[in-house]
Amino acid sequence: MVRPRWRRGWREGAWPRRIFSGKTSLSDAEPPLTGHVRWRGYGRLHRGAYHAKPVRRAWIPKADGRQRPIGIPTLEDKIVQRAMVKVLSAVYETDFLGFSYGFRPGRSPHDALDALSVGLDRRKVNWVLDADLRGFFDTRSHEWLVTFVEHRIADRRVVRHIKKWLNAGVLEDGKRIRVKEGTPQGGSVSPLLANIYLHYVFDLWADQWRRRQATGDVVIVRYADDFVVGFEHRHEAERFLADLRERFGRFNLDLHPQKTRLIEFGRFAAERRSARGQGKPPTFQFLGFLHSCSRDGRGRFIVLRLPIRQRVRRKLRAVKDELRRRLHEPVAEVGRWLRAVLLGHYRYYGVPRTVPALAGFRRKVVWLWRRALCRRSQKGHVPWERMDRWADQWLPRPRVYHPYPDQRLRVRIQGKSPVR
């Protein structure tokens, strides 16, 4: 039997013998990705003939009513970007600082939340700068980004591929649009490039500012383009904010005017504000949680973290709309879907002292489910006794999925500072 041409030389065992026979090197070979299938773009990538294609732009709604642009790259670009991210991550993970948590292997949003809670509790923090960058993914300078990459990466091929992705543009309504600044969200390489950009623009500068200019304690936690900085003295916080605005202006970045605030926060904030005749200390939002000053049962200061109400309401509206779409599906199928929704909510917001809030979310889901079941027909009344049995069968009770911040952070850092 004559083998097809595309299978000749690639049968099982042929490729390893070709590699180690001395006739070619490992870099010159074209190994199949899976079985006998080879990616056609491997040869173009190896010869330098690879060209990035424009990403397809899509829009998703944001919480404030606006829309966020998302770039969807082609399959070939996704493969190349994923391989590039693996190589560059191994290089930059040795350079990134400890208070950077966004889009890094082995680090999650809860690691950043734990570091922030422990830093606010154990350090002398009286003022908190809650900052957010406005349109960060849309305003990054291509020239500065390439300069930052060239500062660490000497391989010109890597830099050339990054330039191709930056200059590929976007495809919207069948028309190709050239983009001179910013990188579309949605690609595999976009989060890594964001970390590289902020590493040089913010992380290194903030770390030097804390070591050279600050006289009191300074706590820094950054996750992607959201970061929180705690200060011991107010005048240092104000000077840091002024210097930060000037620093960002040099690199085509801008702080969001509504989402950037300097507030009084800490273990003595409530007493000091009460002595001045002011109300409770203000709160701030970070990674889906509302942070506020509180006390535990022994009267000690704690940072109370609760789910943001606006996000919970938005989630309930989504559940309501989906229940309306699943109006005539079997009860068991809808119950399994609601179980997955509740478990996902619990596993993210299930931190200590949030069980009452999670229980309230479950009660509202049960009420929405019963309301949808009653609308299945004109005589579709569902008594609460039956509804409670279905809820106990399909909807799990809330519980805490995450330990206290100091317990988990003590294991992760092993005595190192959580914010340095």
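Visitor: What volume does the largest cavity have?
Guide: Keep in mind that this is a predicted model. Rolling a probe the size of a water molecule over the atoms shows where empty space is left. Here the structure holds two cavities of 30 Å³ or more. The largest cavity comes out at about 230 Å³.

Visitor: And which residues lie nearest the centre of the largest cavity?
Guide: Its lining takes in 21 residues. Strand S2 (67–72), helix H3 (75–92), helix H7 (156–167) and helix H8 (190–212) are the elements that give two or more residues to that lining. Nearest the centre of the largest cavity you'll find Val55, Gln81, Trp165, Thr183 and Pro184.

Visitor: How many charged residues are in the lining of the largest cavity?
Guide: Let's sort that lining by class. Eleven of its residues are nonpolar and eight are polar. The charged ones number two.

Visitor: Which helix gives the most to the lining of the second largest cavity?
Guide: The second largest cavity has a volume of about 60 Å³. Among the residues lining it are Leu323, Pro330, Trp369 and Arg376. Two helices, H12 (331–349) and H13 (355–374), each supply at least two residues of this lining. With three residues, the top contributor is H13.

Visitor: How many polar residues does the lining of the second largest cavity have?
Guide: Split by class, this lining has eight nonpolar residues and three charged ones. As for polar residues, there are no such members.

Visitor: Let's turn to the open spaces. Which strand gives the most to the lining of the largest pocket?
Guide: The largest pocket holds about 1,500 Å³ of space. Of the 43 residues that line it, Arg68, Asp132, Asp226, Lys259 and Arg311 are the closest to its centre. Elements supplying at least two residues each include strand S1 (55–61), strand S3 (127–132) and helix H11 (309–325). The strand that gives the most, with four residues, is S2.

Visitor: How many charged residues line the largest pocket?
Guide: Again, we can go class by class. Nonpolar residues number 18 and polar ones eleven. That lining's charged residues come to 14.

Visitor: At what angle do helix H6 and H8 pack?
Guide: Two packed helices are described by the angle between their axes and the distance between the axes. For helix H6 (residues 142–152) and H8, the axes are 10 Å apart. H6 is roughly perpendicular to H8, because an angle of 65 to 115 degrees counts that way. The angle itself is about 85 degrees.

Visitor: How many residues of the contact of H6 with H8 are nonpolar?
Guide: From H6, the contact includes Trp144, Phe148 and Arg152. H8 brings Leu193, Ile196, Tyr197, Tyr200 and Val201. One residue of the contact is polar and one is charged, while the nonpolar count is nine.

Visitor: Is Arg375 buried, exposed or partly exposed?
Guide: Arg375 sits in the loop between H13 and helix H14 (384–394). Buried means under 20% relative accessible area and exposed means over 50%. Arg375 has 48% relative accessibility, so it counts as partly exposed.

Visitor: Which residues does Arg375 touch, not counting those up to four places away in sequence?
Guide: One partner is 51 residues apart from Arg375 along the chain, yet their C-alpha atoms are separated by 9.2 Å. That partner is Arg324. Taken together, the residues touched are Arg324 and Leu327.

Visitor: Last one: what percentage of the residues in the protein chain is buried?
Guide: The protein chain has 15 helices and eleven strands. Of its contacts between residues at least 6 apart in sequence, 68% join residues at least 24 apart. Out of 420 residues, the buried share is 45%.

Definitions and conventions. Residues are numbered from 1 along each chain as its sequence is written. This is a predicted model: local features need pLDDT of at least 70, side-chain atom pairs count only at pLDDT 80 or more; totals for chains, interfaces and linings use all residues. Side-chain values use heavy atoms; hydrogens and water are left out. On a 1 Å grid over the protein atoms alone, a cavity is a set of points where a 1.4 Å probe fits but cannot get out, and a pocket is an open set with protein on both sides within 12 Å along at least five of seven lines; lining residues have an atom within 4 Å of a point. Grid points are joined across faces, edges and corners, and a volume is the space filled by probe spheres set on the points. Ala, Val, Leu, Ile, Met, Phe, Trp, Tyr, Cys and Pro count as nonpolar, Asp, Glu, Lys and Arg as charged, and the others, Gly among them, as polar. Axes are lines fitted to C-alpha atoms, for helices over the stretch in contact, and angles run from 0 to 180 degrees between N-to-C directions. Angles under 35 degrees count as roughly parallel, over 145 as roughly antiparallel, 65 to 115 as roughly perpendicular and the rest as oblique. Contact means heavy atoms within 4.5 Å. Buried means under 20% relative accessible area, exposed over 50%, partly exposed in between (1.4 Å probe, protein chains only).
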